[in-house]
Amino acid sequence: MEELLRQARLVLRGMWLHRWLGLLLAWAVGLAAGVAVFVMPDRYEASARVFVDTDSVLRPLLAGLAIPANTEQQIAMLSRTLISRPNVEKLIRMADLDLGISSPREREALIERVTNSLSIKSVGRDNLYTLGYRDTDPERARKVVQSMTTIFVEAGLGDKRSDSDTARKFLDEQIEVYRKKLEEAENRLKQFRLQNIEMGLEKDGGAGGQINELSALLAQARLQLREAENSRDAIKRQLVGEEPVLLPDAPGSGAGMSIPEIDGRIDAQKRNLDALLQRFTEQHPDVAGTRRIINDLEEQKRQEIAARKKVATANPAAASVHANPAYQQMKVAFTEAEATIAALRVRVAEYESRYARSVGKIKLLPAIEAEFTQLNRDYDIHKKNYDGLIQRREAAAISEGMTDVSSVADFRLIDPPHASRTPVGPNRVVLLALALVASLAAGFAASFAASQLRPTFFDAHTLRESTGLPLLGTVSQIATPTDRLARRRDLLRFSAGLSGLVATYVLAIAVAAIIIFRAA
């Protein structure tokens with residue numbers, strides 16, 4: 001601590017040796033700063049207050065239908081971005097600030113000066129904004145604020161229309177994009193359904209349900225076939241004990257001759273064909289097989305009739321004998337049973353073929369179902385986005401119509417642009433005080449710099465530390481009364497110079513305060 005104090009005393013003593021240099025520089029800086037403060041032109045401030053009303057009667061009425069706009073945030077963003085270069089250039093043209101501009105450099109300087117002088121302040125939370133501008137000419141400042149108010153209102157209205165147009169254009173583009181995606185997804189889904197229509201992907205249970213259904217139908221058809229075979233066997237056993245008794249028939253009755261066993265089978269096949277046509281088309285295997293059986297039976301009937309005609313011609317007495325009625329009824333029943341069994345066998349074969357094909361396809365079912373699920377997912381996503389965009393476009397149209405009918409934000413001019421009669425700057429009292437402090441600091445810095453550039457040793461200890469050489473001794477100076485008198489006079493002159501600088505600034509500050517008081 002003692003070492004620090006010793007170093008401080010040595011620095012102060014060195015600065016004291018160069019006190020006149022510091023005092024001279026302080027006077028020079030002080031005079032220059034004081035003159036500059038008084039020469040600075042007065043600046044007048046013009047201002048206007050604008051209220052932005054964001055409350056609208058239509059907003060609660062159209063809640064849920066129109067897109068709610070954060071008007072407060074838009075106005076706040078507008079107030080922060082209003083002082084931009086394009087707006088400043090427009091403001092300069094509107095206020096005729098560029099009449100005396102002759103070079104690009106001067107224009108750039110004007111733009112920078114106007115930008116720094118403009119101000120937009122939000123007053124409280126009621127969307128109340130104060131627009132201000134400072135200039136040396138009060139009338140010019142008022143014109144600038146008036147032009148700035150016009151730009152503020154126009155920018156607010158123009159941005160809303162521009163935002164609506166941009167949003168609508170963007171929504172239309174996105175809707176067209178998703179419409180194409182949706183059509184592509186629908187086409188892919190349609191093609192996939194056509195290619196895998198037999199899998200029954202959209203049915204409950206899918207291919208597994210089809211196999212269960214086919215298995216049930218096959219089991220039912222097999223049961224019906226066994227029942228028909230048992231019925232036929234029973235009829236066949238009854239026919240074994242019956243002997244036919246032939247009764248005479250009229251000669252030449254071959255035309256329109258009926259053969260009960262063949263006619264019964266034909267009738268049964270025709271009934272089966274009618275049932276199949278109600279379920280299948282002409283190209284179905286069951287229909288084609290039934291028609292083939294009917295044609296074979298009819299051909300067999302024609303051959304039988306031809307054979308009976310030959311027998312009747314050769315043996316008229318035997319041909320004229322009628323068959324036993326009971327035998328003929330059992331024969332018809334047996335024929336019908338045979339026809340039913342044939343139809344059931346075709347049905348069982350068809351169900352077995354379908355069941356085998358379904359079992360073979362069931363191995364491919366997981367991959368097909370996964371692909372079908374993916375296609376459905378893509379289609380659902382595109383459809384959801386498309387419907388959402390359509391809904392938003394309609395909401396945007398309603399919002400735009402609401403803006404046309406009733407403006408969402410209403411700009412009201414509370415205080416028209418006006419300029420203050422008294423200058424608001426510069427504050428010469430404060431500037432003079434700062435100039436005094438700056439001049440004293442400049443003098444202090446000059447004395448310190450001189451003491452460091454031309455150091456002086458005041459004791460033997462400092463000299464020995466600085467040079468590193470052995471010190472043999474010191475010679476003291478005894479001050480005479482003449483020396484003390486000279487030092488006192490020198491101190492008085494320095495004090496007078498320093499006091500004069502301070503007194504001059506105090507007087508200047510007092511004059512500046514009086515001028516400001518009278519102007520107010």
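**Exercise 1.** Is Gln269 buried or exposed, and what is its relative accessible area?

*Solution.* The structure is a predicted model, and the first step is to place the residue, which lies in helix 9, spanning residues 260-277. The second step is to take the relative accessible area of Gln269, which is 2%, and to set it against the cut-off for a buried residue, under 20%. Gln269 is therefore buried.

**Exercise 2.** Determine which residues surround Gln269 once its neighbours within four places in sequence are left aside, and find the backbone oxygen that lies 3.1 Å from a polar atom of its side chain.

*Solution.* With those neighbours left aside, Gln269 is in contact with Thr290, Ile293, Ile294 and Leu297, and also with Ala339, Ala342 and Ala343. One of these residues, Ala339, supplies the backbone oxygen that lies 3.1 Å from a polar atom of the Gln269 side chain.

**Exercise 3.** Check whether the length of helix 1 agrees with its number of residues, and name its buried residues.

*Solution.* Helix 1 covers residues 2-17, which gives 16 residues, and at 1.5 Å a residue the expected span is 22 Å, the multiplier being one less than the number of residues. The end C-alpha atoms are 23 Å apart, so the two values agree. Within helix 1, the buried residues are Arg6, Leu10, Gly14 and Met15.

**Exercise 4.** Describe the chain as a whole by its secondary structure, its burial and its contacts.

*Solution.* The chain has 16 helices and 4 strands, and buried residues account for 29% of its 520 residues. Of the contacts between residues at least 6 apart in sequence, 83% join residues at least 24 apart.

Technical notes. Residues are numbered from 1 along each chain as its sequence is written. This is a predicted model: local features need pLDDT of at least 70, side-chain atom pairs count only at pLDDT 80 or more; totals for chains, interfaces and linings use all residues. Side-chain values use heavy atoms; hydrogens and water are left out. Helices (H or I, at least four residues) and strands (E, at least two) are DSSP runs, numbered from the N terminus. Buried means under 20% relative accessible area, exposed over 50%, partly exposed in between (1.4 Å probe, protein chains only). A polar contact is a pair of N or O atoms within 3.5 Å; within protein, one must be able to donate a hydrogen and the other to accept it, and residues adjacent in sequence count only if both atoms are side-chain atoms. Contact means heavy atoms within 4.5 Å.
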